[in-house]
Amino acid sequence: MTDEEHGFATEQVHGGFQPDQGHGARVPAIHMSSGFLFDDFDQARDRFAGTDDGYTYTRLGNPTNADVERRVALLERGVESILVGSGQAAATIAFLGILQAGDHVVAARSIYEGTKGLLVQNLGRLGIEVDFVADQRDLDQWAAAVRPNTKAFFAETIPNPKNDVLDITGVADTAHRAGVPLIVDNTLATPYLVRPVEHGADIIVHSASKFLSGHGAGLGGVVVDGGTFDWSASPERWVHLTSPERSLGGESYVDRYGSRAFIVFARDVVASRLGPTPSPFNSFLLRQGIETLSLRVERHSQNALAVASFLEEQAEVTSVDYAGLASSPFHDLAERYLPRGAGSVFAFTLAGGEAAAHTFIDSVQLFSRMTHLGDVRSLILHPATTTHAGKTPEERADQGIHDGLIRLSVGIEDVADLVRDLERGFAALRGARAGTVAVGADGLEARVGSDSELASLEHAVPGNHVIAEEL
Ligand SMILES: *Cc1c(COP(=O)(O)O)cnc(C)c1O
């Protein structure tokens with residue numbers, strides 16, 4: 001790629017590309033090799049000393065993985081990124097690159113349940129504490145949760161399922177006033193919809209398993225360093241980055257690497273030791289996915305807006321939590337941070353509670369019943385009995401996760417087909433209403449309680465078309 005400025009679609013295809021040194025392959029190869037040959041004795045020594053920057057062993061670096069790292073860092077406007085095996089691994093590496101026993105994190109309560117578990121159950125056992133902010137729009141709640149040992153803020157740009165879009169600049173400013181970095185999970189937005197670094201966030205994590213990869217085939221995660229946080233402003237808070245290191249000849253990470261201090265530490269000391277190395281094959285799939293990111297996310301967002309608008313008009317629906325809708329309390333934040341679209345993942349709530357959700361979800365045919373997000377295919381899930389089943393009913397109600405709430409990840413299919421599929425769900429709800437009368441073509445009348453009963457009636461009288469009439 002030339003040095004001139006390029007648009008997102010050009011960068012997602014060409015960014016970070018380095019010509020193949022062997023055969024001139026246009027598509028970077030899958031370097032499925034655990035280790036790399038040293039030409040001679042001296043080269044082995046120099047690679048270990050870091051004076052020759054070639055590869056040694058895939059846990060420490062791999063050309064296929066590095067290709068994706070350069071591209072994601074560029075798309076997110078970071079200084080460098082680390083590719084790992086999953087989104088959870090990315091969050092782990094980001095946290096452990098900053099925190100140690102005795103430290104404290106302030107996080108939004110609406111974050112992904114897996115990340116919440118990581119903070120509470122895993123990092124908690126290592127002596128790292130966390131407090132959750134109930135209403136992330138309220139900057140005073142963030143400020144009030146700060147303690148002398150607070151070392152990071154953590155939030156998601158588009159949380160699911162409630163779409164309570166993050167005020168990135170507001171929370172970043174609050175974090176910076178407390179002298180700590182803001183780490184943001186940008187999985188659901190992707191850099192196509194928003195680049196958090198440009199709004200004040202310092203470190204970005206992704207589950208690349210979702211929209212970045214896009215096709216639901218392989219897991220991945222990325223940590224991106226915006227290079228924006230000044231670790232030397234209070235060096236005593238980040239001694240691992242600011243004190244002399246024997247391995248760096250007595251310099252500190254900040255002395256040696258400046259704005260890249262965090263990401264180099266996270267790569268060389270955290271990721272390479274914990275070892276969540278992605279398979280180069282998965283990295284290849286991820287890079288392939290990234291090359292169409294803008295096209296997919298644009299369509300995902302258009303489809304989601306159309307589906308959300310359709311849902312909002314249905315009598316059985318009590319609320320649609322899509323920040324792209326004017327009715328959303330987060331619409332102003334979506335307009336400010338997500339001008340290209342509000343993404344594809346959101347929830348709607350059926351008045352009929354769990355029974356209605358049950359009927360609805362078992363009636364759709366195109367939407368896949370799955371706990372995944374950001375697939376080209378549309379996905380449907382009932383959080384209260386799956387992702388949030390471990391919460392008490394009070395905790396769920398407190399987070400707006402009612403028994404009738406259904407989460408969608410809207411895919412890139414033809415939107416008319418998606419709406420028709422959801423209409424099946426509503427037809428089933430209407431059919432399930434007591435008092436429905438089915439009239440056979442032979443004039444026979446029967447009262448039926450559900451759509452499946454209706455179907456079996458149809459089956460029982462071959463040749464008869466059963467016409468359902470709502471009373
Ligand atoms: C899926 C997800 C994760 C975890 O990612 P994995 O790749 O499944 O480990 C983290 N954050 C968000 C917002 C997610 O959707």
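Trainee: Where does I30 lie in this model?

Mentor: In this predicted model, I30 lies in the loop that runs between helix α1, residues 8–14, and helix α2, residues 41–49.

Trainee: Why is I30 called partly exposed?

Mentor: The relative accessible area of I30 is 33%, and the term partly exposed covers values between the limit for buried, under 20%, and the limit for exposed, over 50%. Because 33% falls between those two limits, I30 is called partly exposed.

Trainee: What makes the nonpolar surface patch that includes I30?

Mentor: The patch is made by I30, M32 and F281, and its area is about 290 Å². A residue needs over 30% relative accessible area to be part of a patch, and I30, with its 33%, meets that cut-off.

Trainee: Why is R195 called buried, and where does it lie?

Mentor: R195 lies in the loop between helix α8, residues 190–193, and strand β6, residues 203–207. Its relative accessible area is 15%, and since buried means under 20%, R195 is therefore counted as buried.

Trainee: How do you know that R195 is in contact with L75?

Mentor: Contact means heavy atoms within 4.5 Å, and the side chain of R195 reaches the backbone oxygen of L75 at 2.6 Å, so this pair satisfies the cut-off. Leaving aside neighbours within four places in sequence, R195 is in contact with F8, E11, L75, E76 and R77.

Trainee: Why is E69 called buried, and what is it in contact with?

Mentor: E69, which lies in helix α3, residues 63–75, has a relative accessible area of 12%, and because the limit for buried is under 20%, E69 is called buried. Apart from neighbours within four places in sequence, E69 is in contact with S81, I82, L83 and R267.

Trainee: Why is helix α4 described as largely enclosed by the rest of the structure?

Mentor: Helix α4 covers residues 87–96, and 8 of its 10 residues are buried, so the helix is largely enclosed by the rest of the structure. Among the buried residues of α4 are G87, T92, I93 and F95.

Trainee: How do you know that the radius of gyration of the protein agrees with that of a compact globule?

Mentor: For 471 residues, a compact globule would have a radius of gyration near 23 Å, and the protein has 25 Å, which agrees. Along its principal axes the C-alpha trace spans about 90 × 55 × 40 Å, and 52% of the 471 residues count as buried.

Note on methods
Residues numbered from 1 in each chain as written. Predicted model: local features only at pLDDT ≥ 70, side-chain atom pairs only at ≥ 80, totals over all residues. Heavy atoms only, no water. Patch = residues over 30% accessible without salt bridge, like charges linked within 9 Å, V, L, I, M, F, W, Y side chains within 5 Å. Areas by Shrake-Rupley, 256 points an atom, 1.4 Å probe, with all protein chains shown as cover. Salt bridge = Lys/Arg side-chain N within 4 Å of Asp/Glu carboxyl O. Helix = DSSP H or I, 4+ residues; strand = E, 2+ residues; numbered from the N terminus. Buried < 20%, exposed > 50% of the residue type's maximum accessible area, 1.4 Å probe, protein only. Rg over C-alpha atoms; globule rule 2.2 N^0.38 Å. Polar contact = N/O pair within 3.5 Å; in protein donor to acceptor, adjacent residues only side chain to side chain.
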